[in-house]
Amino acid sequence: MAAEIVNPRSDSNTGTGTGSAPDDAFDPAFALHRGGKMAIEATVPVRDKDDLSLAYTPGVAKVCSAIAEQPELVHDYTWKSQVVAVVTDGTAVLGLGDIGPEASLPVMEGKAILFKQFGGVDAVPIALGTTDTDEIVETVVRLAPSFGGVNLEDISAPRCFEIERRLQEALDIPVFHDDQHGTAVVTLAALRNAAKLTDRSLGQLRAVISGAGAAGVAIAKILIEAGIGDVAVCDRKGIVSADRSDLTDVKREVAGFTNKGGLTGSLQDALDGADVFIGVSGGTVPEEAVAKMAKDSLIFAMANPTPEIHPEIAHKYAAVVATGRSDYPNQINNVLAFPGIFAGAMQVRASRITEGMKLAAAEALAAVVAEELSADRVIPSPFDERVAPAVTAAVAAAARAEGVARR
């Protein structure tokens with residue numbers, strides 16, 4: 001007999017508490033979120049005492065003993081190899097910023113259901129009550145035996161870089177900060193197709209990235225790996241260049257592998273003659289700076305909900321325009337990447353996600369619509385059923401080629 005889940009209102013105005021309560025009847029967002037967006041569901045029946053004795057004691061003891069003797073059997077006889085921990089500290093949640101672990105849970109639940117919906121991967125939201133780097137690393141390491149992968153989510157820069165690096169060093173399962181690498185993979189895929197559409201190669205393009213946080217740094221790295229002609233990264237103070245004395249360790253590293261042209265000055269200076277604008281920062285780029293970009297420029301203004309360059313302005317000058325919004329064509333949406341990347345990595349029990357696996361994911365994603373290109377279609381829709389299988393297969397093959405697959 002199914003159990004009835006009782007979810008009493010905690011926001012009712014019945015004489016206790018203060019303030020106004022959300023009204024589910026008038027706000028569909030609150031109505032959809034009541035009780036959460038996900039649940040754990042059994043994959044085996046428990047209908048009678050025989051089922052119970054197999055699913056739990058005494059039958060479960062045989063499986064436990066076998067795993068104790070051969071630890072690798074945990075992948076075959078538990079859900080470990082198909083479940084991801086979605087870990088956050090709530091410090092960089094969407095456009096909301098540092099809102100804390102509890103307030104981040106609706107986003108983490110959403111991320112978990114996207115894993116399942118678009119990649120067939122189970123995921124568990126974990127919101128940590130600490131922002132201390134050492135404590136986050138220690139906590140995730142202790143939780144890791146229960147999971148086949150770790151997706152870091154909405155952790156603020158620059159701590160996110162160190163947390164990811166240390167976890168990758170400590171664990172033998174994929175650790176992936178989606179805010180960095182998911183965005184980078186989808187951006188590269190769209191840029192490949194935009195270049196193809198305008199009869200250019202990546203090597204012929206000079207790109208400017210507005211934003212030197214998690215996404216901006218990862219995009220710069222993957223573009224360099226993919227063979228971009230040159231890329232300059234800009235922060236609030238202008239072009240990240242080696243002559244600046246105010247750079248963090250991460251930005252100093254960025255200055256070392258970008259900006260071959262030795263540009264200095266502001267974002268507007270960098271855009272003069274540039275082929276590509278990639279925005280992951282917010283703010284507004286003046287139209288006069290956009291007008292100085294090269295002919296047939298490619299503008300990816302991905303700040304959400306307000307793009308750095310409004311599409312109406314961008315279309316005056318650009319051959320291809322992409323945003324982070326679903327109500328415009330060419331949405332740069334991470335859901336095109338992370339479900340398939342984890343599915344492919346976990347399919348072959350990869351010990352980590354390599355640069356080659358990310359490049360393979362971008363190539364596979366671009367190929368989905370490579371024969372259907374138009375100015376409004378350089379990247380697939382998240383609902384294109386070809387995406388997840390293509391990315392999954394490409395990532396699995398790359399893991400085997402790079403020697404990180406364990407089956």
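This is a short tour of two domains, the interface between them and one helix. The model is predicted.

**The two domains**

Colour residues 74–173 as domain 1 and residues 334–402 as domain 2. Their C-alpha centres lie 21 Å apart.

**The interface**

Show the contacts between the domains. On one side are 20 residues of domain 1, and they touch 12 residues of domain 2. The two domains bury about 1,300 Å² between them. Carbon and sulfur atoms account for 69% of that area. Now select Ser 81, Phe 115 and Phe 118 in domain 1: they lose the most area to domain 2. Together they make up 38% of what that side buries.

Next, pick Asp 76 and Arg 349. Their side chains form a salt bridge, 2.8 Å from N to O. Across this interface the rule finds one salt bridge. Two residue pairs are in polar contact between the domains.

Which elements give two or more residues to the side of domain 1 that touches domain 2? They are helix H4 (74–77), strand E1, helix H5 (101–119) and strand E3. H5 gives the most, with five residues.

**Helix H6**

Move to residues 133–143, helix H6. Select its buried residues: Thr 133, Ile 136, Val 137 and Val 140. They lie on the same side of H6, because they cover an arc of only 95° around the axis. An α-helix has 3.6 residues a turn, so residues three or four places apart point the same way.

What do the buried residues of H6 pack against? Show strand E1 (83–88), strand E3 (149–152) and helix H7 (159–170) to see these partners.

Finish at the start of H6. There, a side-chain oxygen of Asp 132 comes within 3.1 Å of the backbone nitrogen of Asp 134.

Conventions. Residues are numbered from 1 along each chain as its sequence is written. This is a predicted model: local features need pLDDT of at least 70, side-chain atom pairs count only at pLDDT 80 or more; totals for chains, interfaces and linings use all residues. Side-chain values use heavy atoms; hydrogens and water are left out. Buried means under 20% relative accessible area, exposed over 50%, partly exposed in between (1.4 Å probe, protein chains only). Helices (H or I, at least four residues) and strands (E, at least two) are DSSP runs, numbered from the N terminus. The arc is that of the directions from the helix axis to the C-beta atoms. Contact means heavy atoms within 4.5 Å. A polar contact is a pair of N or O atoms within 3.5 Å; within protein, one must be able to donate a hydrogen and the other to accept it, and residues adjacent in sequence count only if both atoms are side-chain atoms. Domain bounds come from an automatic or database domain assignment. Buried area is the accessible area (1.4 Å probe) that two parts lose on being put together, summed over both. A salt bridge is a side-chain nitrogen of Lys or Arg within 4 Å of a carboxyl oxygen of Asp or Glu.
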